[in-house]
Amino acid sequence: MNFDDTPQEATFRAEARKWIQANAPKELEQELSQAGTGRIRLREANLLEASKKWQKKKADAGWAALSWPKDYGGRGSTPIERVIWSQEEGVYSKLGAPFLIGQGMCGPTIMAFGTDDAKKKYLPPMASGEQIWCQLFSEPSGGSDVAGLRTRAERDGNDWIVNGQKIWTSGAHYSDYGILILRTDPNVPKHKGLTMFFLSMKSPGVEIRPIKQASGQSEFNEVYFTNVRIPDSQRLGNVGDGWNVSLTTLMNERFAIGSGVATGFPEIFEYCANLMTDDGLAIDNRAVRSKLASWAVKNSGLKYTSYRTISALSKGERPGPENSIGKLVSGSMMQDIAAFALDLQGASAVVADVDQGDAGGRFQTMLLRSPSARIAGGTDEIMRNIIAERVLGLPGDIRVDKDVPFNKIPTRGRA
Ligand SMILES: Cc1cc2nc3c(=O)[nH]c(=O)nc-3n(C[C@H](O)[C@H](O)[C@H](O)COP(=O)(O)OP(=O)(O)OC[C@H]3O[C@@H](n4cnc5c(N)ncnc54)[C@H](O)[C@@H]3O)c2cc1C
């Protein structure tokens, strides 16, 4: 495949570059480019406010939620134009993090299953970043196996009454709305008794408890529901069809995560190229070079695998399982790279501080962050199952509870 821009793509790229150069918050460029994988803390500005400001500016000029229809606050761009935009947006794309779940997963789900009124009301402020959305799927007993979830919704006239708990909800603490999947019928097999809804995170009975992470940050939360009322008009899809609806969300999640994988390779290469040891520059050491060489090979593999995605997008196709490969390889690579950098730092590796730590503490943050990259959006094992079943055609995982009514599955808890 020819990876050069077509004439239309080149025009789009030039236009995007010109607008970004004229409008991007240049005062944040240096800090954003130095921000390690998984940690952005701005000294002078509040990150959420800076993110909202940049998103709104993009929306006002027609550069937000590019692939969405114009009526919903997007630009009606092709998927390949979306890729070009993110290449041009560069470090400023880090400001888009709070909107990824809304625009990458919730928006497409509302677009596919919401009423016309819901689409008109909720999609434009989601595109402009004025309203932030989160995804309430995972539960203590339903993570990889989302269909094992227990939070229930019971019908009461035109409302549903919700009780239970979600966990690992990224951004719930600053979100305005969320989409959530609930058990509406425990008498049928687990995939068949689920229904999808959306709700305001300010609804009475919603309690959000931030989870403190190893990094010291609190990016995700436990969310408790006590007799929360959701109007039936906020149902997405048919009653009992929540599993199918969630597949739309999850397919978009894998794509959103898989299309922009971070590995830590550019960071470790730059670090080794400049690190002076007792025996000279680290990059001149044979053992270091051997490690860098093997990561460089993997990095190239990831790059060309991601080109398959770009190539599929440019032909109007939906990317296939290559996103699972990218996620699987990049997560463990990032963890190895961070651990190796800390080995190189020796005793000073214990200092993780941005000002006093070696390399601004970026590898310490990367190490603390990397396990989550191997879990969020599908664990390594689930990625391997997908590759085994859908790429290699191996026999499927054994699923003994698939056809058993949910409330008859042996468990120590209650359905
Ligand atoms: C940074 C981060 C952000 C997140 N944000 C959100 C969010 O916004 N909203 C949300 O709903 N969730 C979110 N999650 C949750 C995430 O989707 C789940 O953590 C993930 O799906 C795994 O589920 P679990 O943690 O319950 O682990 P489990 O599913 O309990 O898995 C435990 C272990 O068993 C293995 N395992 C499970 N099933 C199989 C199998 N069939 N074959 C082989 N091995 C298996 C897993 O690989 C894992 O090692 C987030 C997680 C992280 C880390």
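**Close-up 1. Polar contacts hold the spotlight around the ligand.** A polar backbone atom of Gln-135 sits 2.7 Å from a nitrogen atom of the ligand. Another such pair involves Ser-138, with a polar side-chain atom 2.7 Å from a ligand nitrogen atom. Ser-144 also joins in: an N or O atom of its side chain is 2.6 Å from an oxygen atom of the ligand. (A polar contact here is a pair of N or O atoms within 3.5 Å; within protein, one must be able to donate a hydrogen and the other to accept it, and residues adjacent in sequence count only if both atoms are side-chain atoms.) On its own the ligand has 970 Å² of accessible area, and the protein covers 67% of that (Shrake-Rupley method, 1.4 Å probe). Keep in mind that this is a predicted model: local features need pLDDT of at least 70, side-chain atom pairs count only at pLDDT 80 or more, and totals for chains, interfaces and linings use all residues. Residues are numbered from 1 along each chain as its sequence is written, and side-chain values use heavy atoms, with hydrogens and water left out.

**Close-up 2. The shell around the ligand.** There are 18 residues around the ligand, and Ser-138, Ser-144, Trp-168, Thr-379 and Glu-381 come nearest (a residue is near if one of its heavy atoms lies within 4 Å). By class, the shell has seven nonpolar, nine polar and two charged residues.

**Close-up 3. Trp-168, a residue with an unusual label.** Trp-168 is located in strand E3 (strands are DSSP runs of E, at least two residues; helices are runs of H or I, at least four). Its phi is positive, about 65 degrees, although Trp-168 is not a glycine. At 46% relative accessibility, Trp-168 counts as partly exposed (buried is under 20%, exposed over 50%, partly exposed in between, with a 1.4 Å probe and protein chains only).

**Close-up 4. Trp-54 and Tyr-92.** The whole structure has 16 aromatic pairs. In this one, the ring centres of Trp-54 and Tyr-92 are 6.0 Å apart and the planes are at 55 degrees, so the pair is tilted (centres within 6.5 Å, using the six-membered ring of Trp; under 30 degrees is stacked, over 60 edge-to-face, the rest tilted). Trp-54 is buried at 2% relative accessible area, and Tyr-92 is buried at 5%.

Methods
Nonpolar A, V, L, I, M, F, W, Y, C, P; charged D, E, K, R; others polar.
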